[in-house]
2 protein chains.
Amino acid sequence: MAGEFELIRRFFQEATSCRSDVLLGIGDDCALLQPLVGSALAVSSDTLVSGRHFTPDVDPEALGHKALAVNLSDLAAMGAEPAWVSLCLTLPQADEEWLAGFTRGFAGLADGCGVQLVGGDTTRGPLSVSVMVQGFVDPARALRRGAARAGDLVYVSGTLGDAGLALRCRQDPHMQRWLHPALEERLDRPLPRLGLGMRLGSFSRCAIDISDGLGADLGHVCEMSGVGALLDLERLPMSDHVRAYVEATGDWPVVLSAGDDYELVFTVPPQHAAVFDEATAAWDVPVTRVGVIEQAGGLRARAPDGGIIEEVSGGYEHFRA
Amino acid sequence: MAGEFELIRRFFQEATSCRSDVLLGIGDDCALLQPLVGSALAVSSDTLVSGRHFTPDVDPEALGHKALAVNLSDLAAMGAEPAWVSLCLTLPQADEEWLAGFTRGFAGLADGCGVQLVGGDTTRGPLSVSVMVQGFVDPARALRRGAARAGDLVYVSGTLGDAGLALRCRQDPHMQRWLHPALEERLDRPLPRLGLGMRLGSFSRCAIDISDGLGADLGHVCEMSGVGALLDLERLPMSDHVRAYVEATGDWPVVLSAGDDYELVFTVPPQHAAVFDEATAAWDVPVTRVGVIEQAGGLRARAPDGGIIEEVSGGYEHFRA
């Protein structure tokens, strides 16, 4: 079995493409990086743990992709341009085939997003992945959770509930008939909305990525902004698969409370809405207006029958009893 | 039991003191940081895993300290000034007393070093800690592993073997009589040599911190610099406790191969040695000349009897069979 340093060198040293702002990459005590002059650094980190965020038999390529994707999604939610990533990988054993798959998934996404792996650590232990990403953003254009104002319109990108429905189908044998490869792709290989996030700075001050469910994440925005929101359930964007499932079952929580789609929810002041709607027509990511920010706190939803549902339930909190 | 977000907020949001270059701290999708103009960013990350780097019953305060210390030690080895840290903490349960202790140890060291906690993640799972630190360094003064040249003098800071002897004593009941609180302090609460690292840029181009043992870490320097080294065993700096133990047992590996002291080993070109030795007399960290870089690869040692020991053994590699 190869030594730790040999492992790291073989799989990670040249895993991703090279950026000119990396003065010194993997292999020394630290990486040396040249920040973009005039920008702030946007920094985010997340850990995925076996048995909690994925099953031990997870496809390593999907895990490599997802571990990076969920972090890049935080940069997207800030409107930042991604640059560098560090990877701390804890593995039960040094399985070369597993590592090669993981690296394919991780490096494939990194290369596609212009991100270079600049450092990290490989340790033996229960399988888990901690990733830290960095990017650049003009601080005056950064999309903050606390910047929603009453009257702002609420938008989401893409479609909601795809990943959540795939997860339910995998967990419940009785739901197999609702499963579709397109849903599994959303669950296993979410695509961070980086291009959208960078464009939003011209129209929006406020965004968050949907990792815990629209209800929970828009709830964070409302709490930090000191406002509330009213969602229009009929407007929530769904794929045909999810729409058919929700219409058959009435299971709105799969759209409202299931996370893992990694879409963005963001606000646009009403005076910018017309220009924004016109601009988005040419974008490659669909965005849909789904509600409005209100003065009164809390998250409400208007049901298809016109009735108002108070206190739309939240998402997934790891230590909730 | 409190929710994840509540936990994080309570223990970490105001855990460390505030830096003016943190535009946005914990609580949004990303932290926003203002890099120092004209400097490179030095970035390093390390994971500590229960059962591998510490025992499950570890004192949480010592763990909090050490998880940050081993990362700051990498900044010290680069000559960088520390600034920001991110913390990914995986815990079997949300034990408030444990978290309070961990935070005391982590924040105590962070505050002492002028470092602000800017982000991270708290997850439920097998106990492990991933830390990522960032600091500033003039890239022309950065201390690189590959910059040793034949003829350079080799120095180490502080004393060697203290932490290693403490670890052996804890693991072997027959060694209890060699244990001393001063040794345990070195093992549990290593102090990163940040001040020394920042000063070295005026005299040295090459350093590494000793985490895997002097032999292994100086071996990395030799390998990356394409040189070798000759150590003089009689010159290796030891505390009275370690010296008494080595003289009684002949157990040189505790000095040469045990890591965890987090001292620095670095090189000084011979033409700078006189000025360097004079300068260090006024420093608060002792430094000792212990050998010389040689053209021929490999790491050799001169024993106290004058004999040369070839191929001084290496350190600790996690995946070595």
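**Arg189(A) and its partner**

I began with Arg189(A), which counts as partly exposed at 26% or not? No: I read 25% relative accessibility, so partly exposed it is. Scratch the 26%, which belongs to Arg168(A). The cut-offs I used are buried under 20% relative accessible area, exposed over 50%, and partly exposed in between (1.4 Å probe, protein chains only). The side chain of Arg189(A) meets that of Glu185(A) in a salt bridge, 3.9 Å from N to O. By salt bridge I mean a side-chain nitrogen of Lys or Arg within 4 Å of a carboxyl oxygen of Asp or Glu. Glu185(A) is partly exposed too, at 41%.

**Ground rules**

I noted that this is a predicted model, where local features need pLDDT of at least 70 and side-chain atom pairs pLDDT 80 or more, while totals for chains, interfaces and linings use all residues. Residues count from 1 along each chain as written, chains are lettered from A and ligands numbered from 1 in written order, and side-chain values use heavy atoms, with hydrogens and water left out.

**More salt bridges**

I got a count of 38 salt bridges over all chains. One of them joins Asp251(A) and Arg168(A) at 2.5 Å, N to O. Asp251(A) sits in the loop between helices H8 (240-249) and H9 (253-256) of chain A and Arg168(A) in helix H4 (162-171), so the pair ties together parts 83 residues apart in sequence. Helices (H or I, at least four residues) and strands (E, at least two) are DSSP runs, numbered from the N terminus. Asp251(A) is buried, at 13%.

In chain B I looked up Arg193(B), which forms a salt bridge with Glu263(B), the closest N and O atoms being 2.8 Å apart. Arg193(B) lies in the loop between H5 (181-188) and H6 (194-200) and Glu263(B) in the loop between H9 (253-256) and S10, so this pair ties together parts 70 residues apart in sequence. Both Arg193(B) and Glu263(B) are buried. Back in chain A, a network of salt bridges links Asp162(A), Arg186(A), Arg193(A), Asp261(A) and Glu263(A).

**Where the chains meet**

How many residues does each chain bring to the contact? Chain A gives 68 and chain B 70, with contact meaning heavy atoms within 4.5 Å. About 5,400 Å² is buried between chain A and chain B, 59% of it from carbon and sulfur atoms. That buried area is the accessible area (1.4 Å probe) that two parts lose on being put together, summed over both.

I found 4 salt bridges between chain A and chain B. One pairs Arg145(B) with Asp28(A), at 3.8 Å between the closest N and O atoms. Strand S3 (40-49) of chain A gives the most to its side of the contact, with 9 residues. S3(A) runs antiparallel to strand S2 (31-33) of chain B, with 3 bridges; pairing takes at least two DSSP bridges between strands. Here Ala42(A) stands opposite Leu32(B).

**Asp21(B)**

Leu32(B) came up again, as one of the residues in contact with Asp21(B), leaving aside neighbours within four places in sequence. Asp21(B) is found in the loop between H1 (4-13) and S1 (22-24) of chain B. Is Asp21(B) buried or exposed? I have Asp21(B) as buried, at 12%.

**Sheet in chain B**

My last look-up was an open sheet of 7 strands in chain B, in the order S8-S10-S7-S11-S9-S12-S13, with mixed pairing. S8 (206-209) and S13 (308-309) stand at the edges with a single partner strand each, so one side of each is left without a neighbour in the sheet. S8(B) joins S10 (264-268) by 4 bridges, running antiparallel, and Ala207(B) stands opposite Phe266(B).
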